[in-house]
Amino acid sequence: MLSDQSAATVRATLPAVGAAIEDITARFYDGLFAAHPELLRDLFNRGNQAAGTQRRALAGSIAAFAAHLVDRPDERPDVMLTRIAHKHASLGIAPAQYETVHRHLFAAIGEVLGDAVTPAVAAAWDEVYWLMANALVAIEARLYAERGSTAGPDALRAWEVVERIEETADVATFRLRPADGTPPPAFRAGQYVSVQVELADGARQIRQYSLSGLPGADLRQISVKRVRGGAGPDGEVSAHLHARARVGDLLRISAPYGDLVLDEHVLDGRTPAPLLLASAGIGVTPMVAMLEQLAATGHRGPVTVVHADRSPADHALRAEHRAHAAALPDADVHFWYEHPEPGHPADRTGRVDLTALPVAPGTHAYLCGPLPFMKAVRAQLIAQGVAPAAVHYEVFGPDLWLASPSSSGPVGEATMSSTVTGSRAA
């Protein structure tokens, strides 16, 4: 991994780099987009860039990787690398783009830190960057090969919208099939695809959406929440899909990616471990797919289903959520609503509280939803004896970074699994 000399230099300079992350990333993105405006137009999430919510994602990931290297030199952070690689592959990231990022990132570091970037410091951080970049390139190459895909524009292909279902006032489901008539690629419940649309100004923006239907079906489906900006602009891609995507339209879609999937030993019945599937809001989409897959494969172990939403009317795929759970021989369903219907249990009103919910020993939990929700549920599960390694989760959207080698859980581990350029919202 990192050489001893570079490790000492990185350890000594990590606090300064972490403290300057915001300035470094501001300079980096300004320089990158000035030289390559097509990246902002057709790859990076313009909404997150404009809102400032992604400014530290790239440099933060490198700082976190560096912190891991100096804290645990004999252990590569494969969870972090794999999660980023899946997102990159869904976007068609190519090896040459790492050269472009390196050039502009290190120029920004030099501008911000000035004389503090000695040749030794530059060499040490260069080593960190290429250790991370080369690892990602290798993982992404394997992911492309497994899916028969390639980097670049050909990573996305045309799919036809064959059905549109209005789930709620803000969520629409789109059922899709390959426009060229070839069979849809296989996927695992919990995975997502990148969807590219051409906006009114000609930009081809990309977002990731979970596949919300059963693996193996002839069609694929995504359920898209319209992101309302409140004081800011609405989500560009979600607003476009809600306003314009109709039956017969074509969308450019990637192969399926993502590693928040049910373990194979759960699906094949070798180890019918108790499962807990917890979601909030649009985080329901991968959980519904998982439930449908469990029902279709005849899963017989205990399954606890937890969901939180503003109201039953806002609960997308609610009927499917209940029906797939009901098809399992040993499933308990618990829905929490901030604004419930009359007669809804009082102890299932407001925020999710698992303290009174029996959690079986050996439970494996899968979480998807807003970061505060996952942080709270994870803490509650661990307090009830669930092993931290048995709690699996995915974060939607970019995260704000601080270089902290000791952080863990959805504030640290899930942050280190976020995408550099994409977002599963807006």
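**Reasoning from values to terms in a predicted model**

Tutor: In this predicted model, the axes of α1 and α8 cross at roughly 95° and come within 9 Å.

Student: Why is α1 called roughly perpendicular to α8?

Tutor: Angles of 65 to 115 degrees count as roughly perpendicular. The axes cross at roughly 95°, so α1 is roughly perpendicular to α8.

Student: Which residues of α1 and α8 meet?

Tutor: From α1, Ser6, Thr9, Val10, Thr13, Leu14 and Val17 take part. They meet Ala120, Val121, Ala124, Trp125, Glu127 and Val128 of α8.

Student: What is in contact with Val128, leaving aside its neighbours within four places in sequence?

Tutor: Val128 is in contact with Leu2, Val10, Ile62, Phe65, Ala66 and Leu69. Val128 is also named, with Leu105 and Trp125, among the residues with the most contacts inside the largest nonpolar core, which has 53 residues.

Student: Which helices supply at least two residues of this core?

Tutor: They are α1, α2 (21–35), α5 (57–71), α6, α7 (95–113) and α8 (119–147). The most comes from α8, which gives twelve residues.

Student: How do you know that the core lies between domain 1 and domain 2?

Tutor: Residues of the core come from both domain 1 (4–147) and domain 2 (156–257), so the core lies between them. As a general matter, nonpolar side chains tend to be buried together in soluble globular proteins.

Student: Let us turn to the sheet. What makes β4 and β5 edge strands?

Tutor: The six strands form an open sheet in the order β4-β3-β6-β1-β2-β5, with antiparallel pairing. Strands β4 (204–210) and β5 (220–225) each pair on one side only, and they are the edge strands. Neighbouring strands are turned by 40° against each other on average, direction ignored.

Student: How do you know that β3 and β4 pair?

Tutor: At least two bridges are needed for two strands to pair. Seven bridges join β3 (residues 192–198) to β4, so the requirement of at least two is met. In β4, Ile206 is the bridge partner of Gln196.

Student: Which helix packs on the sheet?

Tutor: Helix α6 (residues 78–91) does, touching β3, β4 and β6 (250–254). The direction of α6 makes about 35° with that of β3.

Student: Finally, why is Thr285 called buried?

Tutor: Buried means under 20% relative accessible area. The value for Thr285 is 2%, so this residue is buried. Thr285 is in helix α11 (residues 284–296). Leaving aside neighbours within four places in sequence, Thr285 is in contact with Ser210, Leu211, Ser212, Ser223 and Leu317.

Technical notes. Residues are numbered from 1 along each chain as its sequence is written. This is a predicted model: local features need pLDDT of at least 70, side-chain atom pairs count only at pLDDT 80 or more; totals for chains, interfaces and linings use all residues. Side-chain values use heavy atoms; hydrogens and water are left out. Helices (H or I, at least four residues) and strands (E, at least two) are DSSP runs, numbered from the N terminus. Axes are lines fitted to C-alpha atoms, for helices over the stretch in contact, and angles run from 0 to 180 degrees between N-to-C directions. Contact means heavy atoms within 4.5 Å. A nonpolar core is a set of buried Ala, Val, Leu, Ile, Met, Phe, Trp, Tyr and Cys residues joined through side-chain atoms within 4.5 Å. Buried means under 20% relative accessible area, exposed over 50%, partly exposed in between (1.4 Å probe, protein chains only). Domain bounds come from an automatic or database domain assignment. Angles under 35 degrees count as roughly parallel, over 145 as roughly antiparallel, 65 to 115 as roughly perpendicular and the rest as oblique.
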